[in-house]
Protein chains: 2
Amino acid sequence: MEQKKQNPKAEDETQIVSRRIQRISLHITPIPRPLHDHDSNLEPAKYFAIVEAIGAVDISLGIKLGVQYSLWGGSVINLGTKKHKDKYFEKIDSLEYPGCFAMTELHHGSNVQGIQTVATFDPITDEFTINTPNDGAIKWWIGNAAVHGKFASVFAKLMLPTHDAKGVSDMGVHAFIVPLRDLKTHQALPGIEIHDCGHKVGLNGVDNGALRFTSVRIPRDNLLNRFGDVSRDGKYTSSLPTINKRFAATLGELVGGRVGLASSSVGVLKIANTIAIRYSLLRQQFGPPKQPEISILDYQSQQHKLMPMLASTYAFHFATVYLVDIYSQMKITHNEQLVGDVHALSAGIKAYVTSYTAKSLSVCREACGGHGYAAVNRFGTLRNDHDIFQTFEGDNTVLLQQVAADLLKQYKEKFQGGTLAVTWNYLRESMNTYLSQPNPVTSRWEGAEHLQDPKFQLDAFRYRTSRLLQSAAVRLRKHSKILGGFGAWNRCLNHLLTLAESHIESVILAKFIEAVEKCPDPNSQAALKLVCDLYALNRIWNDIGTYRNVDYVAPNKAKAIHKLTDYLSFQVRNIAKELVDAFDLPDHVTRAPIAMQSEAYAQYKQYVGF
Amino acid sequence: MEQKKQNPKAEDETQIVSRRIQRISLHITPIPRPLHDHDSNLEPAKYFAIVEAIGAVDISLGIKLGVQYSLWGGSVINLGTKKHKDKYFEKIDSLEYPGCFAMTELHHGSNVQGIQTVATFDPITDEFTINTPNDGAIKWWIGNAAVHGKFASVFAKLMLPTHDAKGVSDMGVHAFIVPLRDLKTHQALPGIEIHDCGHKVGLNGVDNGALRFTSVRIPRDNLLNRFGDVSRDGKYTSSLPTINKRFAATLGELVGGRVGLASSSVGVLKIANTIAIRYSLLRQQFGPPKQPEISILDYQSQQHKLMPMLASTYAFHFATVYLVDIYSQMKITHNEQLVGDVHALSAGIKAYVTSYTAKSLSVCREACGGHGYAAVNRFGTLRNDHDIFQTFEGDNTVLLQQVAADLLKQYKEKFQGGTLAVTWNYLRESMNTYLSQPNPVTSRWEGAEHLQDPKFQLDAFRYRTSRLLQSAAVRLRKHSKILGGFGAWNRCLNHLLTLAESHIESVILAKFIEAVEKCPDPNSQAALKLVCDLYALNRIWNDIGTYRNVDYVAPNKAKAIHKLTDYLSFQVRNIAKELVDAFDLPDHVTRAPIAMQSEAYAQYKQYVGF
């Protein structure tokens, strides 16, 4: 409208540009062979691309896949040894052995070390006995359990008889393969009680069940014994010295699930963006007096709702591609620094991305008004199915604390002259340069060239993280003297969560800037640059109070950032169609009638019966 | 935990205090007579209390009630005249005439003046003919239409034959009573095509239908003729001079629906708070080394999620009580200033409250982890059913613009020496006092006594609104020279939405402060004061960038506000149980097993089948 007239070239230019954005590395390569091939080289990039693609069609199916391969299959392969692989691998791969991952209990979710199910070794029969000692220890929410699972990897405290055979000693949480149902009749085996957990907010295509074990006997061989083993005569051996280290190693092997959830969440966000933006282009409402109505995407308010979201979707895409990449490298090299990096990043990116997607699905529904509320247009199902991504495989609030803890560990090691994980590298210099007083000259620079300079943007993100890290360390030290470690952590918890989010945002921005720099086509690069700038400046504006408070940004600059963010939203709106087309989601995948690329209203009417 | 130890008295004191908070004006009085009594004195306070109470049990039922009484009944009573009341009132009241409110069309929701259904007067038969001229004009989302409705008040453009009888002239949107189904057989009448709109994200207890009219004839008397009438010989008469004024009067009569939605939304928020907080008190997870696990509500992060929300619920409660009160006064006095005030406030409070509740329902689900995802624990249904509150009876983004437009109108009138609506009164002084440079001395005051002074809080809220209002006026004037009115409005849209929200927040705070001051019991008053402070300071902190940017708040004060907000969350946590008990929602209304006041886990297990 009026705005467009001011910038008459914008549309022509950007239309050309954006034709070329299409398929920028977003296309999913076909899969030539089974998900798990025989040498256990999982080809993670392909696997996660499949997870993303399937989730876009049906999230329940994607989660069923994840339970079977990442959780059940992944626990057998990563926590077990050769004997388990030989016995189970092919049958898990072929779905002959559908299985579950039985970790969570009614009373214990996040606090896995608090679970109460016990596996007691019986040296006479060379077996473990699995027991649910009380109702709070009933395994709960176990995916695949209510209907399909024939096996479960059950997490339980390993109990060994003491030397004098008068008691047992607790060796900590281990995983055990427990057959749940008869392979032929599919009846629950003796001592195993299974109930369906009932209707859920969403994801009802996944059969979550609750399991109680009463003296269930399994052979000693069913202990997944990579990190700890029991000999025929009841002796415990482990390459790792303490319960805590074994526990960390056990859980550490499960990061793949988080990488999958992050990828899948980005896929869901792409679908939601595509539907909301295509409809917002189609839908017209109000207009200047005596002129035709205008697309609702031409309203500044709609741009404000959807364009930073579109920018974030691109940002998350590149961040998860990077995450999959370092995860794959880690699986090949077993490099210890990479292990730490992948662990913290998968936790942080999973938490950050799934929280953002969950909020965005509500924004998209609302942005599409009444027609966004029709079930056929999918926002309801997407939101309800995706919602639990924030909770399972690690509650987001807990995961972000892992990121904060890791940052603090790195921070301390830095002072002791240690090395830093790759993604944390920036902290090395930041502690020196960023923590000096902000420069009173640059804090006033407000030109677009400066604000769109990746160096300014990245510096701003990293400055914030560095300050939050340093002040968190100081506060924790102060409070722990009086409150102890646990109390001090809790007293600083909101601060620590902000720190973790800030760090993850800066990693995401760094990867986005890299992607822009590496983009081979100059027109696509120019378009991506706009999107990246919007991501960066919108985030800075969202936390402008922090920047203002230390005069990192002067009042005039704060105003300029705000203004430029609105203008970038408008510019990105002009290539919004092409940016969503580049996600390459055909109508038979998006499915929402209001987002059909031709005859949207006609298909919608037909659905209702006209 | 540690925090409690520092403040050993807190719990004892607050327990006593909060016993007494119970039932502070939140109890719903029983209804002694029909909703609409014969002299059409609707007793709004009772009606809206019923709406809130029913919505807490089942939102669909609440909306069915609202469609029948507020929309269908309300349109007949408020847009019709005595003849309509005589003929329809009792049968609407007794449910013999279930009806619909047929305004929205497939292509037109917010832009009601753009609807295309036509009602053409036929002077030969003394009838109107109702027609759906194209598919975009199909009435869509009409509640009660798919299954139950026997009548509808249909909004259509009134077309009168011109003097020469060669054409028709468009008199603008009017409402008409159109019989939809045979009173005995319940079959759709000739010319009326009805389809079910299909499954929705939620609210599937409401039968939304789509309607097409093909030459449907109704008597001239079926025109709801309070604001415009047609005589036997086809002459149009109205007490109002223009189409726009008649349109405004017509829509103005429908504000009751918004008051109802705001009340109902607060009811939903109370339910969600109750479930989330009761579960957060019950649920324990992690704890200091070798000590028992602690309630998750003892985590600062959980307090951060839930305590400002609890404070907002109290704030919204008092605000909607006030809204109902001025609405009732308006219905009795027809005072013109009140009409304007109720119109803008009902739009603004409906928008603000329903957006907040929608977001909160997601926060509550997530805060309750996996068990929050069990359908039986209600967050899914509450969220899905409530979601559309943001859209129907006026899209929130559109409603906030009405608030902004009203503020700008008042602002202009002020400069012309006019009077201000009651709620807007503060703007009179604010333009003089608030818009001077912030006081460099008070901007540094950081003591708790100052920050908890209602004068500081209210001044801060009003200062922000005044600045936003003044700068919006300046920007609109500047841009409209180049872009025209429509373009300028759009260019400033985000600014205008922030202005509207800021104003509504300050009205809500003012009413909360009044409620605290009026609270008769000193202990309850002390508790409510904490809650009110948390509401106020949390909002100031959320927009700290704005305050910092003009140095209304100096860096040390910003820090102090942040710190005090966390501490107030902790203090409110210590009386959280009593604050939710005061909502007086018994277990058979909350229903979620995880929120049962005794044996929560046992009831939950039982639900699953153990």
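# Salt bridges, cores and a chain interface

Reader: Hi! Which salt bridge joins Arg278(B), and what is the N to O distance?

Author: Hi! In this predicted model, the side chain of Arg278(B) meets that of Asp587(B) in a salt bridge, 3.9 Å from N to O. A salt bridge here is a side-chain nitrogen of Lys or Arg within 4 Å of a carboxyl oxygen of Asp or Glu.

Reader: Where do Arg278(B) and Asp587(B) lie?

Author: Arg278(B) is in helix α7 (residues 255-282) of chain B and Asp587(B) in helix α21 (residues 587-590) of chain B, so the pair ties together parts that are 309 residues apart in sequence. Helices (H or I, at least four residues) and strands (E, at least two) are DSSP runs, numbered from the N terminus.

Reader: And is Arg278(B) buried or exposed?

Author: Arg278(B) counts as buried, at 10% relative accessibility, while Asp587(B) is partly exposed, with a relative accessible area of 22%. Buried means under 20% relative accessible area, exposed over 50%, and partly exposed in between (1.4 Å probe, protein chains only).

Reader: Which residues do shared salt bridges join into one network?

Author: Asp135(A), Glu193(A), Arg212(A) and Lys605(B) are joined into one network by salt bridges that share partners. Over all chains, a search of the whole structure finds 54 salt bridges.

Reader: Thanks! Quick check before I go on: how are residues and chains labelled, and what pLDDT is needed?

Author: Residues are numbered from 1 along each chain as its sequence is written, and chains are lettered from A and ligands numbered from 1 in the order in which they are written. Local features need pLDDT of at least 70, side-chain atom pairs count only at pLDDT 80 or more, totals for chains, interfaces and linings use all residues, and side-chain values use heavy atoms, with hydrogens and water left out.

Reader: Cool. How many salt bridges go across the interface of chain A and chain B?

Author: The rule finds 6 salt bridges there. One joins Asp387(B) to Arg365(A), with the closest N and O atoms 3.1 Å apart. Asp387(B) sits in the loop between α11 (379-386) and α12 (396-415) of chain B, and Arg365(A) in helix α9 (residues 336-367) of chain A. Both Asp387(B) and Arg365(A) are buried.

Reader: How many residues of each chain are in contact there?

Author: There are 86 residues of chain A in contact with 87 residues of chain B; contact means heavy atoms within 4.5 Å. The area buried between the two chains is about 7500 Å², and carbon and sulfur atoms give 54% of that. Buried area is the accessible area (1.4 Å probe) that two parts lose on being put together, summed over both.

Reader: Which residues of chain A lose the most area to chain B?

Author: Those are Tyr373(A), Phe486(A) and Phe610(A), together 12% of what that side buries.

Reader: Changing topic: which residues have the most contacts inside the largest nonpolar core?

Author: Leu310(A), Tyr314(A) and Phe512(A) do, in a core of 164 residues. Helix α8 (residues 300-333) of chain A gives the most to this core, with 16 residues. A nonpolar core is a set of buried Ala, Val, Leu, Ile, Met, Phe, Trp, Tyr and Cys residues joined through side-chain atoms within 4.5 Å. Apart from that one lies another core, of 163 residues, among them Tyr47(B), Ile388(B), Leu408(B) and Cys532(B).

Reader: What is Leu310(A) in contact with, leaving aside neighbours within four places in sequence?

Author: Its contacts include Asn273(A), Ile277(A), Val572(A) and Phe583(A).

Reader: How much of chain A is buried overall?

Author: Buried residues make up 61% of the 610 residues in chain A. Chain A has 22 helices and 11 strands.

Reader: Last one: which residue in the loop between α7 (255-282) and α8 of chain A has a positive phi?

Author: That is Phe286(A), which lies in that loop and has a positive phi of about 60° although it is not a glycine. Most residues other than glycine have a negative phi. Phe286(A) is partly exposed, with a relative accessible area of 29%. In chain B, Ser215(B) has a positive phi near 50°, and lies in the loop between β8 (209-213) and β9 (216-219). At 46% relative accessibility, Ser215(B) counts as partly exposed.
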